[in-house]
Each structure stands twice: as structure tokens, then as C-alpha cells.
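Here is a set of questions and answers on one protein model. Look at the structure first, then work through the turns.

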Amino acid sequence: MRYIIVTLISAIVLTSCGGDKNKSVEDIIASKDLSSMRQKKAELDASAQEISAQLKQLEQQIKTLDPQEKIPLITTFTAKETQFNHFVELQGNVSTKQNVVITAEYGGVLTKVYVKEGQKVRKGQALAKIDDGGLSQQLAQVKIQTDLAKTTFERQKRLWDQKIGSEIQYLQAKSTYEAQEQMVSQLQQQVGKTIVRAPFSGTIDDVITEQGTVVAPGQSQLFRIVNLNDMYIETDVPERYVADITPGKEVKVNFPVLGKDVDAKVRQAGNFINPANRTFKVEVAFPNKDATIKPNLTAKLRINDYTNNKAILIPQSIISENAEGQQYVYTVADKNGEKAKAKRTIIETGKTQGDDIEVLSGIADGEEIIEEGARSVKDGQDVKILELEITN
């Protein structure tokens, strides 16, 4: 058949070049005769159109007469068991339990500020001093009175131990001494409130109130202190995942603004379902050694809610559905070299991840599945398998 096509093309070309037309294209171009060139181009265009039409007729006749031309060409892949991790994609915000605004516990003038913004401080370190309004002098006086009460009590006790004096004198001395001790303790606590101390180690993020300002207890904000070491991400998870997302589950965290990815784990999963949006809280702890991640930063989370160590995954694009709503794919049967038959196989599918879907039943490990051409074949139809070359 190919010999007939070649012979036909040669005959047409020779016919088109007879007589004065036997000149070659090179000769006509060399003559620089515009009229001849246009005439030659028109002849070649007509010949090309005629050849194209005849080739189409031949191709159609070949397909009709040659049964091999009717066999669909397909590609296949082999189903293999692999680990399948499904992830729930959510969005969360970075938080820290050590992000505190320190307020005054005592009223008075802020006489000293010992720190500045950006300074690292230790737990218990003095940050500022509030004028105590004479409370220190009062404490000193009470301590002197306490020392006297202590001496009186000790002498009265010795006498009482020797059965000298009355019991009431001993009890009065003891009561006076204990009352003085309690008064000293109360005043010491009051004086202690005039020294503003760091509740935990961290960084002074903001000095809110300047030195010399009058502050009120429980109202005046003095400093913001932040610790970026113990950070976590909080997100709301739909209630349908309450049994799947538990402490210890792996999480892939992405910070779009920073272009940074972090591997983390679920630290805590809430036990309360919010009735307003049917979600529960989840905390994801993560390392922040370089302190680049800040509170309230937005994060994208991919939380592992399902794992199958022996899953079979196939592309979603090759799955079809019949009138009964059953899903099916075509597998290869009766394979003999590159020839085989297409077999319709009913399957049950599970979770999806990207372009792949998990097959729960219907496909076994090692089974050959039709990929390219899957939607153009029929059950029991002969097919020809193309071997795709893999290039590096």
C-alpha cells in the first residue's frame, strides 16, 4: 500500500512539471522572472492539494481494510501498594501563652524604668519602681515594734516555763508578737508590689508608660513582654475530624509571608464542640529557635488525619461511572506481548489527595490498569499497549 502512495505522488509531480514546466524551482528562481515564479507556485499549490486529498482517501481505505488499524492504542501502569497520608488543609494563627501586658499592682508615681524596648529579661527581674508613698518607713517602724514584741514574748515564755507569772500575761505577749509578725508580712507584700518584675523570661516588646507617670493599680499598662520560644498555632477544625485529629498527629506548616515550611505535631485537641460553627480547637506546637515567627502570623496547616500503609492510588481522571452510580476503571486482561483486552473493573474509592484517589476494593497489587485511552475503550475490546520511553 505504501508503494502505491509513493508511485502516485511521483506521477503527479512528473505530470505537473511537463513541457515548459520541466524547469526546476532553482532555475526559475535564478531567472528572477516574477511571472514564472508565481505560475510555478500556483502549480505546486494545486499539486499539493490534490496529493493531500488522495492521501486522505488512501488512509481511510487502509483503515477499512486493515483490522490492525482499528485497535485502540493505550498506555498502562501497574498498581502498587504504597503509604498514603491524607491531610486536612486549614488556616490558623500563631499564638503564645507568654505574651502579656504588665499592669501596675500599686498606685503612685512611676519613679524608675529599668528596661527599654527590645531588651531581654529574666523571670523575676525588676523592670520598674513605683513610689511607695512612705510605705517603706512604715515597714521599718513596724519591724522595730515586732522586735520589741518578740523580746517581750521570749522573756514571758521563760518565766511561764518556770511557773512564774500568770498564763494570761504569757498569752498576751504571744498574741502581740504574732500580730506584729503578720503586720510585717502584709507591709512587705505591699512594698513588694511597688517593684514591677518580669513574670517570665522574654523580651520587652513595648514600654507603654514612661517614667514620671502616675499609675493606678490594675488599670495602668506598663510593659508588654513576649517570649517567642513557646509558640503554637491555633485553628478551628470541623467536628467530623474529631476522631481523626488527635494529639501527636503530624502537621505540615507553611508561613506564606516568610516562605517557610515547618514540620510539627498536634499538641492539644479540644474536647468542646463550638455550637456556633461546629468546630473544635487544635493547638500545634512548633520550634522557633531563630525567633522569626511572630504572634498573630497567619499559617497554612496540613494535618494528617488518615494513613494507609498499603494503599493503592490511581489518577482520578481514569475513573468512570455507570448508570447505577458504580465507579469503574479498565484493566488489562489476556495480555500477549503488546496485544491485550480491556476489562471493565468495578471499584470502591476512599480519600483523595491532589490528583490521586485511594482504591479500597476492586484493584489488587500488581494489576495493570489502562491510563491513556481509558475513556475510549469498551469492555472486552482488543487494545494495543504502547511502551512509553522514559528519558532522563
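**Salt bridges, a helix and two cores**

Q: Is Lys384 buried, partly exposed or exposed?
A: This is a predicted model, and the accessibility is computed from it. The relative accessible area of Lys384 is 28%. Buried would need under 20%, and exposed over 50%. Lys384 is therefore partly exposed.

Q: Which residue forms a salt bridge with Lys384?
A: The closest N and O atoms of the pair are 3.8 Å apart. The cut-off for a salt bridge is 4 Å. Lys384 lies in strand S22, and the partner sits in the loop between S18 and strand S19, 46 residues apart. The partner is partly exposed, at 39% relative accessible area. It is Glu338.

Q: Which residues are joined into one network by salt bridges that share partners?
A: The structure holds 12 salt bridges. Some share partners, and these build a network. Its members are Lys97, Arg267 and Glu283.

Q: How many residues apart in sequence are the parts tied together by Lys335 and Glu368?
A: Lys335 forms a salt bridge with Glu368, with the closest N and O atoms 3.2 Å apart. Lys335 lies in strand S18 and Glu368 in strand S21, so the pair ties together parts of the chain separated in sequence by 33 residues.

Q: Which residue of the Lys335 and Glu368 pair is buried?
A: Lys335 has a relative accessible area of 43%, so Lys335 is partly exposed. Glu368 has 18%. Buried means under 20%. The buried residue is Glu368.

Q: What separates Asp45 and Lys41 along helix H3?
A: Their side chains meet in a salt bridge, 3.0 Å from N to O. Residues three or four places apart in an α-helix point the same way, because there are 3.6 residues a turn. Asp45 and Lys41 are four residues apart in helix H3, so the separation is about one helical turn.

Q: Which of Asp45 and Lys41 counts as exposed?
A: Asp45 has a relative accessible area of 36%, so Asp45 is partly exposed. Exposed means over 50%. At 52%, the exposed residue is Lys41.

Q: What accessible area do Val25, Ile29 and Leu44 have together?
A: Val25 is found in helix H2. At 37% relative accessibility, Val25 counts as partly exposed. With Ile29 and Leu44, Val25 forms a nonpolar patch on the surface. The accessible area of the three together is about 240 Å².

Q: How far apart are the end C-alpha atoms of helix H5?
A: Helix H5 runs over residues 167–192 and has 26 residues. At 1.5 Å a residue, H5 should span 38 Å. The model agrees with this, as the end C-alpha atoms are apart by 38 Å.

Q: Which helix is included in what covers the buried residues of H5?
A: The buried residues of H5 include Tyr170, Tyr177, Val184 and Val191. Their cover includes strand S8 (195–197). It also includes helix H4 (135–161).

Q: Which strand supplies the largest share of the largest nonpolar core?
A: Nonpolar side chains tend to be buried together in soluble globular proteins. The largest nonpolar core here has 26 residues, and Val284 is among those with the most contacts inside it. Strands that each supply at least two residues include S3, S12 and S16. The largest share, four residues, comes from S14.

Q: How many residues does the second, separate core have?
A: This core includes Ile130, Val142, Ile204 and Leu222. Its residues number 24.

Definitions and conventions: Residues are numbered from 1 along each chain as its sequence is written. This is a predicted model: local features need pLDDT of at least 70, side-chain atom pairs count only at pLDDT 80 or more; totals for chains, interfaces and linings use all residues. Side-chain values use heavy atoms; hydrogens and water are left out. Patches are made of residues with over 30% relative accessible area and no salt bridge: like charges are joined within 9 Å, nonpolar side chains (Val, Leu, Ile, Met, Phe, Trp, Tyr) within 5 Å. Accessible areas come from the Shrake-Rupley method with a 1.4 Å probe; for residues, only the protein chains shown count as cover. Buried means under 20% relative accessible area, exposed over 50%, partly exposed in between (1.4 Å probe, protein chains only). The expected span of a helix is 1.5 Å times one less than its number of residues. Contact means heavy atoms within 4.5 Å. A nonpolar core is a set of buried Ala, Val, Leu, Ile, Met, Phe, Trp, Tyr and Cys residues joined through side-chain atoms within 4.5 Å.
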